[in-house]
Amino acid sequence: MATGEFDIGATLRKRLQEITQKKESIAVKTEQAKEALQRLFAKSKPVRQTPDQLNEKIQQLEHKRTTTSLPLAEEKAILRQIDQIQKSKIQWEENKHHQAAIQDKKAEIESLYSEMRNMTAQIAELENAISKIELANRLGCTTNDLESSEVEIPSEKIGEIIGKKGQKIKELEQKTGCQMDVDKNGSVHIKGNADAIQLAKKEIENITLSVEEEIRLSSEVHSFLRGNGLAPFKILRQKHDSVFIDLSKDSKIMKVRGKEDKIAAFKADLNEINVVSESITFTKRDVGVIIGKSGATIKSLTEKYGIAVEVNDGKDDSSTVELVGIPIKIAAAIKEINEIVYQNQDMETAVVVSKLFRNAFLEKSGALIKELQKEINAALNSNAIRIQFEGRDNKESDLDSGSCTLLEIKSPRAVHNEAVELVKKRVEEYESKTLVVKFEPHLAPKLIGKGGETINKMKKLGSGATIEIDRVIGEVSVLAKDEATKDLVKAEIEEIIAQNQLLKIPVDNSMMGLIFGSPGKELRSELGEKEVSIQQEGADAITLRGRIESISECSSLLRDFIASNYTVEVKFEDGDANLLSRKDSILSKIEEELGVKTYIVRSRNIVEIRGNEEKAKDASKEIEKFLFGSSDIAVIKVKLPDSIVGAMIGKGGSNLQKLENEHEGAKVNVTSTTNLMTIRGPKDAAYSCYGQILKDMVNVNSNDSVKVDLDVLEKLTDKRVIRKITNDLPVHVSLTASSVKLRGNFRDVALVKAAINEFATGVYEGTLSLISQLFQSVQDSEDIRKSIEDIQSATETEISMEPDSYSMTITGKRSNVKRAKYMLFDLLITQPTFAKVVIPKHLAKVASETKAIATYSADTGCNISHDYDANVLLIQSDSLPRIIDGINAANSHIEKCGKLVSVVEITPSDAWVMKSLLTSYRSDLRDIEEEYACNVEIFKEEHIASISAKDTAQTEKGTEAINNLITKVKKENAFIEMPESSLPQFVGQSSKHLKTFAAMHSVKIERVKRSPSIHIHGSEQNVRSALTATEEWISEWEKQNPGTTFLLEKSTLDLLLDSKPDGTKRNICRDFGVKLDVCASKSAVTIRGGKTESSQSEAAEAIREFGNLHLLDTTTSKIPKVVEKKMVDPDESSSSLFRKTELPSTSSKFAEKTNVIKFEEKIAAAKAAEEVEVKSSTKLFNFLVSQDNSTPSAAIEGGYYKSTSGFKVRL
C-alpha cells in the first residue's frame, strides 16, 4: 500500500477492538447486576396475607379483647398477637418496595443483554469484512475481485481434504491462497479470486480422484529412510511432491496416495534403493564414545555417510549398534567407528606420590587435583582425562595413613602418554618444595592439637601450607608455595617442641582424683601460671609438660600437695548424706578437732578425709563409729509408714530437732526416698530417743485407703459388717465411691486394712515387723531361711521378706497365718534380740491398746509391740538388758490390765451357758455393757467371761450383773435326757407333738444335736412347769415300755453307739426285734420290746457274748431315777441316764398346783360331755397323744384346747 493511502483494514480492526472492549465492559456490568439481583432475592421476606386481611385480623382480636372478660395472661397473649400482626404490615410495605427494586434490576439486566446482542452482531460483521480484506491482500487483488465457489466431494474423501487436526486443509489454503471451509454435507466452500479458486479446485480434484496404496518396507529400507533425521525420506518426498507419503516410526507399512501414474513412478524409485544392515556389539562405554557428546559423533557419521544408525541396549554391559545404508557407505562408516573406539579406549597409569602431596591436593574439596586435571585436559585438548588417588575418590585421608599413596591417571589411548608425563612433571615440582622437621614422637599430639586445632592453625600461616605429621618416626613435612610460609611454620613447630618437654613423676593411684579434681584446682592453676601442663600417665604416674626450667619447680609443688592430701574413704548408707552435711554434723566436729578436710561424694556414698596421714586415719575411725556404732555409740533404724512421715518430721524438720534437743547427743535423720529413720548417738540418749519415736508413731493419725469392688463396697455399708471387721479397734472408717478410707494410728489402720482385704478377697495378709538387726540376722542365716521355707509348707502360707520395711509378710488363710506366726515366734525366740510375752486371752483387748504399749517402749527404749493374730507382746532390741526390761514391762502391763478385768468362771458341764449368752442373751450383754460402761467378752473354749472397765468400781458392778445374768440363764433353761426310743412318740411327726407341748407351757423346746436330750427354754416358772410335765411323761412311758438294763464296758458301749447301717446296735435290734436305749454317761443300755418273751434275754446274751460282758443285773425292770442338782450340758454325749433335773425349791409349789385330780377319772366324763377340766397338763398331753394318732392341729384359745378328735379341754 502506498504511503498516504487509506488502510480500511486497520480501521476495521481498530473498530473491532473498540466494540470488543465495550462488550467485555458490558459483560462485567451484567455479572455485577446479576449478583445484586441475587442479594435482593436473599433479603426478600414475603408476607402471605394482604394488608386488608391483616387489618381484619387485628379488628377481630381487638373485639375479643374488649368485649370478653379474659384472664390477664390470655389478654397479654392477644396483645402480643396484635403487635406481631402490626409488624407483619410493616414488613408487607417493605417487601412491596423490595419487589419493585427486584423488577428494576431485572429490567436493567435485560437491557444489558440486548446491548450485548447488538455488539455481537457488529463484531461478526466486522470480522467478516476484515477476513475479506486480508484474503484480498494475500491474493494481491481487490475485494471486488473475490468470489465464492462450492465443490461437492464424496463423503469418504472429507477426512482426506481436512487432514489430521485440519493439517491438510491448512496446507491447501497456504498453497492456493484461498479460504476453504467444509460443511457437514460434504461441500467445500472456496473464497478467492478466479485463479486461486481454479488452483484450489485442481488440488481438491487431485485428492478426490487419487488412489491409496500400502507398501510393506523391509527393516533395512525403513531404517534407511528414517535415518539421518529422515533426510533420505525427505529427498524422496520432495522428488514426488504430488504423492502423499506417510512413513510411521513404529510400522514398516508406508502409505501413499495420489494418481495411479504418480504412485507408479514413486514405487519405481523406491525399488531402486539398495540398502543393507550391519550390527556391531560394543560395551556401553564404547557406545557412549560412538554417540558422542549430545549425539554429535553419531550425527556426524549419519550425515557423512548417509546412513541410519540405531543403538539397542543389551541385558549386560553391552549394546548393539545397527547401521543401515548403501553397502559401500556402511563399510566406510564401520571402519571409522572402530577407529573412534580404539582411540578412545581408556588407559590407566599410577604414579607414586607422598602422603603430603596427596593431602595438599585433597584440601579444600580437592581444589588442586581438580585444577591439575583441568590443566592437563586443556593442554591436550581433551575432556576425558581423569586424575584421582587410589581407592579414596577425592576424600580427605586420616593423618595417620601410610607415608605413600598412588595417583591414578586415566585417559583415552590417544593422549595417555602425554597426560602421564605432564602429571609426573607437576608432581616433581610440588614435592621438591617440601620442608622436613624432626621431633620426639610423644610430641605428636601437641603438634596436632585437640581435634587438629594446632596443625590447622599452622596450615593457615602465611599463604597457607600443607602439613603432614608422621607419629612413628617423629617427622613433620611442610609443603608451601613460598619459602616465607615454610619459615613461619618451622618457627611455630620449634616453639611447640620447646614448650612441651616432659617429666614423669610416680604418684599413687588414689591421689589422682585429688590432683585432677576440685582439691587440686589451686595446684593446677599455679602450674598453669608457670606454663606447665599436668597429665595422668597410666594408673600410677603423672607427666609434667612445659619448659625444662619450669618443670623442675612444679615437680616440688606436686610432691608437697601429695604429702598434705593423704586420703581415706569411709562408705555410708543411702540417706546418711543429709545427716553428714549438716552444720553440726560429726564431720564439722572432726575437721575442727583434727585439722582435716572432709568431702561428701554423694554419687559414690562415701566421705573422703584428706590431710596428714595419721590424722586422716583417726578421723575415719571416728566417722565409722558414728555411722555404724560401737561399744558406746548406738545406731538404730526405724521404718516409717508413708502416711506418718510428714507428721514425724514436722514442719521444716521441727519434730526431729525437738527429739535431738530432748535427747542430748542423739542425731535423727530420715531418708526421703525410703522413709528410713536413723537414730545415732550415745547409747542411753539414742535408745531413749528411739523409745520416744516409737511412742510418737502411734500417737499421730495415719490415713490410708483400700480400693474395693462395688459389690464389696455395698456389703460394707452394713454397720454390723464394719463392726466385725474393725473388732472394736479405734479406727475411723468411711466409704467413698470406689474405696474405703481409714484413719487412726498406723498399727490399727494396717490391721483393719488387712481385714478389709481379707473380706474382699478371702486372703489374709499378716505382717511381722522386726528391728533392723534382727531382720538382717534372719536374712543372713541360711538355717533360718530354710526353717521359714518349712513353715510355709507346713502352714500352706507364703512368707516373704520385705527389706524396705524390715518386715515379714505372711499370706494365706487367717488360721494358717496365725499358725505360721506361732512357728515363726518359736524360731525367732532363739535370737538374742527377740522375746515374747503371751497375753491371756481374756485380757487381749485391754492389754493390746497400742498407745499404752508404746508408752512402755518409750520407758525402756525397747521395741514393744502387740501381735494381733497371735495375741502376744513382742519385745525386740539389740541390747540384752533392754530385752529384760521390756519383758518386765510387758508382764507389769499385763498384771496391771488384769486388775481392771474381772473373770467369771463356769464349770465345763455348764458350758452351754456361754453359748446361750452369745445367742439368746446377746442383747442382755449389750445392756450390761452400756449400763456399767464396761466391756464383756465371752470365751467359750475357756468357759469364762471377762469384764473390764476403766476403774475397779465399774468392773465390780459389771461382774455382779454378769453373775445375775448367768443365774437367770440357768433358771430359764433346762435339759433332760430321754430314752432314745421314746423320742419319736414324744416329738411326733414333723415335731407336731413337741410343738404342742411347748405351746401348752409357753416355752421353746428343741432337740439337742447328737443326743437324746431336749432343751427347754422360757420363763423360770414355765420352764419348771414344762420340766415337771416332761418327767411325768417319761415315767408314764417307762411303765408302758419296761426293759432290761445292763452296765457295759466302754469299748462295748462305743460299738453299740455306732449308728451305721451294718453296726452292732442295728443288727441286734433287727435280729431280736428289740429297741436299745444307750446311756453313755452311765455306761448302760436298756433293752425294750422284742419278738417273743425271750427276745430281751436273747439280745442281752448276744450283747454279752459280743462284748464279753458280765451281766450285772437281769431282774431290774428299770434304773432308779437319779436326782442331781446341776444342769446337763446339751453338747455332752455322756448325759445322765433318763434323769430329771431338780429345780430350785419353787418347783414343789408348782407340783402342788398341778397334781389336783387324776386324769384317768375324767376320761369317761370327757367323752360324754365333750368337755373336761384338766389341771394336770402332763396328763392332758398324754391323753391327747393316746386319743389322736395325728398331732392336734388346733391352738389353745380362750383357756380351752380343742383337738381334732372333738375333745374340748379347759385349761
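Two strands pair if DSSP finds at least two bridges between them. Strands here are DSSP runs of E with at least two residues, and helices are runs of H or I with at least four, numbered from the N terminus. The model is predicted, so local features need pLDDT of at least 70 and side-chain atom pairs count only at pLDDT 80 or more, while totals for chains, interfaces and linings use all residues. Residues are numbered from 1 along each chain as its sequence is written, and side-chain values use heavy atoms, without hydrogens and water.

Start with the sheet. Three strands make an open, antiparallel sheet in the order 40-42-41. Strand 40 (1043–1047) and strand 41 (1074–1079) are the edges; each has a single partner strand, so one side of each lacks a neighbour in the sheet. Strand 41 is joined to strand 42 (residues 1084–1089) by six bridges, and the two run antiparallel. Lys-1075 has Arg-1088 of strand 42 as its bridge partner.

Now turn to helix 22. This helix spans residues 613–628, 16 residues in all. From first C-alpha to last it reaches 22 Å, close to the 22 Å expected at 1.5 Å a residue (1.5 Å times one less than the number of residues). Ala-616, Ala-619, Ser-620, Ile-623, Phe-626 and Leu-627 are buried (under 20% relative accessible area, 1.4 Å probe, protein chains only). They share one side of helix 22 because they cover an arc of only 125° around the axis, taken from the directions from the helix axis to the C-beta atoms. The face turned away from the buried side carries Glu-614 and Lys-621, both exposed (over 50%).

Finally, the helix ends. Asn-612 caps the N-terminal end of helix 22, with a side-chain oxygen 3.0 Å from the backbone nitrogen of Glu-614. Just after helix 22, Gly-629 has a positive phi of about 85°.

Definitions and conventions: Polar contact = N/O pair within 3.5 Å; in protein donor to acceptor, adjacent residues only side chain to side chain.
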